[in-house]
Amino acid sequence: MAISIFDLFKIGIGPSSSHTVGPMVAANTFLVGLQERGSLGAVDSISVDLYGSLGATGKGHGSGKAVLLGLMGEKPDEVDVTKVPEIFNEVLTSKKIKLAGTETINFDYDVDITFHRKKSLPFHANGMMITACDSSDDILLEKIYYSVGGGFVVDDSERDQAHSPIKQNDTVLPYQFNTGDELLALCKKEKLSISEIMLRNECVWLPEAEVREKLLKIWKVMQECVDAGCKNTGILPGGLKVKRRAAELCHSLENKLTNEQYNQGSMDWVNLFALAVNEENAAGGRVVTAPTNGAAGIIPALIHYYVHFCRAYKRDGEDGIVRFLLTAAAIGIIIKENASISGAEVGCQGEIGSACAMAAAGLTEVLGGTPEQIENAAEIGIEHNLGLTCDPIGGLVQVPCIERNAMGSVKAINASRMALRGTGEHFVSFDKAVATMRETGKDMRSKYKETSRGGLAIQVIEVPVNIVEC
């Protein structure tokens, strides 16, 4: 199956790609199913059941709210994030929703959405079932969906395609690769860079000019997210009372008086860029899934680092941004095809680890690295996140998630620097590191995989607190 860069990088809404974007996509898909059957007007009631990680941490991740918005016809890349609280409160008060924005039905949020905290569906940790009935309580449509990470969704009939994109197709790419070794062999044989391989593949779907335009739109949204995070202050929603830090840090750094001081504090700025994105994500703002929302700050932080601190950007300009994203996506696609980018499936190594590897590869590309050095940088990035657990306190994408993006960003820069100082030869291949991440995820106990039943989630909060929807 062919995965596009635009399957991997999606414009969406926080705080989670698997728990927010995925369920919203699933609800949209359910609406399409009703419309195709001509049953939308006959719907009298809808119930939603969230299982596994969606049930355990769905309230903190805003999963119920996301399903609600999806059933109302809202889409992750189009919904007005500033109006979401108003929409949600209106539904809570009126106990009604407009299916697809047209058909009004009764809907009691506290009754019609059930979070099964200790029940799971057999296939994947992020399972959900949506049921629509008519006025006689006869089922019009009932579907099971799995949100498999990064906003990718499959239904129960597509279990074998869990690591493939939601828009399945049989497109034959000019340069097909599934592993790092295959990608390196293609680069050597065709005398092309990784970004050139990716661009030519993308041109199967879209003209080159449109591919570039869409990638620069992705970059624009990333910039807007950093800007918003650097301005917004206050307490993050959800009940933990976590204070935003990015705006204060930005103010402090902007008071640096000289370029010399600016450059000496480059890692402070990288921390700022990552924190700004993930505070916006935690607040339910507009973010780019890269490759997930929980790890959405790393690639924007690295591109901002490239723009502000690397001379190569002055030479290459926007072309460098395009090449960065293309190269990062090649690494992300390999990881998704051979392991996972889902924290609920393999722990945070699948989110922060994947983003770190992708960002390290992208930076190495734009700084003049060879395909071998890029593969080395990606391997370093993922290897040194192996075993990282997903243990969000209170089921919220806040602690330790926000700081992990800053740490992952600094790791990615160092991975790139180490690779660029070498020849590209190294002991452990990228493919071996990806395989290790997959096996480590299988061995990891479920309490460390986005269930908030282990790790920091219980060490910091040993007694359940009143966590509300983000």
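**Cysteines and aromatic rings in a predicted model**

The sulfur of Cys-187 lies 16 Å from the closest cysteine sulfur, which belongs to Cys-203, and that is too far for a bond. The model is predicted, and it holds 0 disulfides. A search of the whole structure also turns up 5 aromatic pairs. The points below take the cysteines, one of the aromatic pairs, and two lysines placed over rings.

Cysteines

- Cys-187 has a relative accessibility of 4%, so this residue counts as buried.
- Cys-310 takes part in no disulfide, and its nearest cysteine sulfur, in Cys-356, is 16 Å away.
- A disulfide requires two cysteine sulfur atoms within 2.5 Å, so a separation of 16 Å rules one out for Cys-310.
- Cys-310 is also buried, with a relative accessibility of 7%.

An aromatic pair

- Among the 5 aromatic pairs is that of Tyr-306 and Tyr-313, whose ring centres are 5.5 Å apart.
- The planes of these two rings stand at 80°, so the pair of Tyr-306 and Tyr-313 is edge-to-face; the cut-off for that class is over 60 degrees.
- Tyr-306 is buried, at 0% relative accessibility, whereas Tyr-313 is partly exposed, with a relative accessible area of 22%.

Lysines over rings

- Lys-65 places its charged end over the ring of Phe-88, at 5.0 Å from the ring centre.
- Lys-214 lies over the face of Phe-6, and the distance to the ring centre is 4.4 Å.

Key:
Residues are numbered from 1 along each chain as its sequence is written. This is a predicted model: local features need pLDDT of at least 70, side-chain atom pairs count only at pLDDT 80 or more; totals for chains, interfaces and linings use all residues. Side-chain values use heavy atoms; hydrogens and water are left out. Rings of Phe, Tyr and Trp (its six-membered ring) pair if their centres lie within 6.5 Å; planes under 30 degrees apart count as stacked, over 60 as edge-to-face and the rest as tilted. Buried means under 20% relative accessible area, exposed over 50%, partly exposed in between (1.4 Å probe, protein chains only). A charge sits over a ring if NZ of Lys or CZ of Arg is within 6 Å of the ring centre and within 35 degrees of the ring normal.
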